[in-house]
Amino acid sequence: MTIRENVNAILHYKNYDYMPVVHFGYWSELLAEWHEQGHISREEAHGYGDGNAVDRSIADKLGFDFCWTAQIGTHGELLPGFEHKVLEKKPDGSVIYQNGHGLIEMSKPGLTSIPVTMGTLLEDRTAWETLYKPKLQPDSRRYNIEHMKAYAAVQHDDQ
């Protein structure tokens, strides 16, 4: 089975040959560290982008089958997103804010990892019906036809 066939089988609860090894992208600090350790070149550390040739080169070196975030798909985000609002600034420089997904998060100075989620606007069925459902309706902005055409034109030997 190809990687694509394996992934589809897994997602549909069918038999598969092996579990693909997948990554979701890399933080720039991690790429810099891998370069310092000699695992990747300087060009790879600075030229990375989900789905580009550098991504494939790094994935091959590290044994990944593919980058999940580089796969073609629709725009499943909220349209429009919620307003980004700063709710509180703490003395230590931390900031509590509402993001575009309606999550209440806290970020700390110098932290590049995933922020701490402290709450959400999605607290009940009424919030779903009034706040979220209207932002998830079909919309032509969800489909980048040119991107899909370009992706279809590229031959993927292993997918």
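User: How many salt bridges does a search of the whole structure find?

Analyst: The search gives 6 salt bridges. Please keep in mind that this is a predicted model. As background, side chains of opposite charge can pair when their charged atoms come close.

User: What makes lysine 61 and glutamate 44 a salt bridge?

Analyst: The cut-off is 4 Å between a side-chain nitrogen of Lys or Arg and a carboxyl oxygen of Asp or Glu. For lysine 61 and glutamate 44 the closest N and O atoms are 2.8 Å apart, so the pair is within the 4 Å limit and counts. Lysine 61 belongs to helix H4 (residues 53-62) and glutamate 44 to helix H3 (residues 42-47), so this bridge ties together parts that are 17 residues apart in sequence.

User: Is glutamate 44 called buried or exposed, and how do you know?

Analyst: Buried is the word here: its relative accessibility is 7%, and the limit for that label is under 20%.

User: How do you know that lysine 90 and glutamate 88 form a salt bridge?

Analyst: Their closest N and O atoms are 3.5 Å apart, so this pair also passes the 4 Å test. Lysine 90 has a relative accessible area of 32% and glutamate 88 has a relative accessibility of 37%. Partly exposed covers the range between 20% and 50%, so lysine 90 gets that label, and so does glutamate 88.

User: What about arginine 125 and glutamate 129, where do they lie?

Analyst: Both are in helix H5 (residues 125-132), 4 residues apart, which is about one turn of the helix. An α-helix has 3.6 residues a turn, so residues three or four places apart point the same way. The side chains of arginine 125 and glutamate 129 meet in a salt bridge with an N to O distance of 3.0 Å. Arginine 125 is exposed at 58%, since that label needs over 50%; glutamate 129, at 32%, is partly exposed. Shared partners join Arg125, Glu129 and Lys133 into one salt-bridge network.

User: Why are the buried residues of H4 said to line one face of the helix?

Analyst: The buried residues in H4 are Val54, Asp55, Ile58 and Ala59. Viewed down the axis of H4, they fall within an arc of 135°, so they line one face. Strand E1 (22-23), helix H2 (28-36), H3 and E2 are what they pack against. Valine 54, for example, touches Glu44, Gly47 and Tyr48, leaving out residues up to four places away in sequence.

User: Which residues make up the largest nonpolar core?

Analyst: There are 10 in all: Tyr26, Leu31, Trp34, Ile40, Ala45, Tyr48, Val54, Ile58, Ala59 and Cys67. H2 and H4 each supply at least two of them, and H4 gives the most, with 3 residues.

User: Why does cysteine 67 count as buried or exposed, and which residues does it contact?

Analyst: Cysteine 67 has a relative accessible area of 4%, so it is buried under the 20% limit. It sits in strand E2 (residues 66-67). Apart from neighbours within four places in sequence, cysteine 67 is in contact with His23, Phe24, Gly25, Tyr48, Asp50 and Asp55. The C-alpha atoms of cysteine 67 and phenylalanine 24 are 5.4 Å apart, although 43 residues separate the two along the chain.

User: What is the pair of tyrosine 26 and tryptophan 34 called, and why?

Analyst: The aromatic pairs come to 5. In this one the ring centres are 5.3 Å apart and the planes stand at 70°, so the pair is edge-to-face; that name needs planes over 60 degrees apart. Tyrosine 26 and tryptophan 34 are both buried.

User: And what kind of pair are phenylalanine 66 and tryptophan 68?

Analyst: Their ring centres are 5.8 Å apart and their planes at 35°, so this pair is tilted: the angle is not under 30 degrees and not over 60. Phenylalanine 66 is buried at 5%, whereas tryptophan 68, at 38%, is partly exposed.

User: Finally, how do you know that asparagine 6 is buried, and what does it touch?

Analyst: Asparagine 6 has a relative accessibility of 0%, so it counts as buried. It is found in helix H1 (residues 3-11). A polar atom of its side chain lies 3.2 Å from the backbone nitrogen of tyrosine 18. Not counting residues up to four places away in sequence, asparagine 6 touches Met1, Tyr16, Asp17, Tyr18 and Pro20.

Notes: Residues are numbered from 1 along each chain as its sequence is written. This is a predicted model: local features need pLDDT of at least 70, side-chain atom pairs count only at pLDDT 80 or more; totals for chains, interfaces and linings use all residues. Side-chain values use heavy atoms; hydrogens and water are left out. Helices (H or I, at least four residues) and strands (E, at least two) are DSSP runs, numbered from the N terminus. Buried means under 20% relative accessible area, exposed over 50%, partly exposed in between (1.4 Å probe, protein chains only). Contact means heavy atoms within 4.5 Å. The arc is that of the directions from the helix axis to the C-beta atoms. A nonpolar core is a set of buried Ala, Val, Leu, Ile, Met, Phe, Trp, Tyr and Cys residues joined through side-chain atoms within 4.5 Å. A polar contact is a pair of N or O atoms within 3.5 Å; within protein, one must be able to donate a hydrogen and the other to accept it, and residues adjacent in sequence count only if both atoms are side-chain atoms. Rings of Phe, Tyr and Trp (its six-membered ring) pair if their centres lie within 6.5 Å; planes under 30 degrees apart count as stacked, over 60 as edge-to-face and the rest as tilted.
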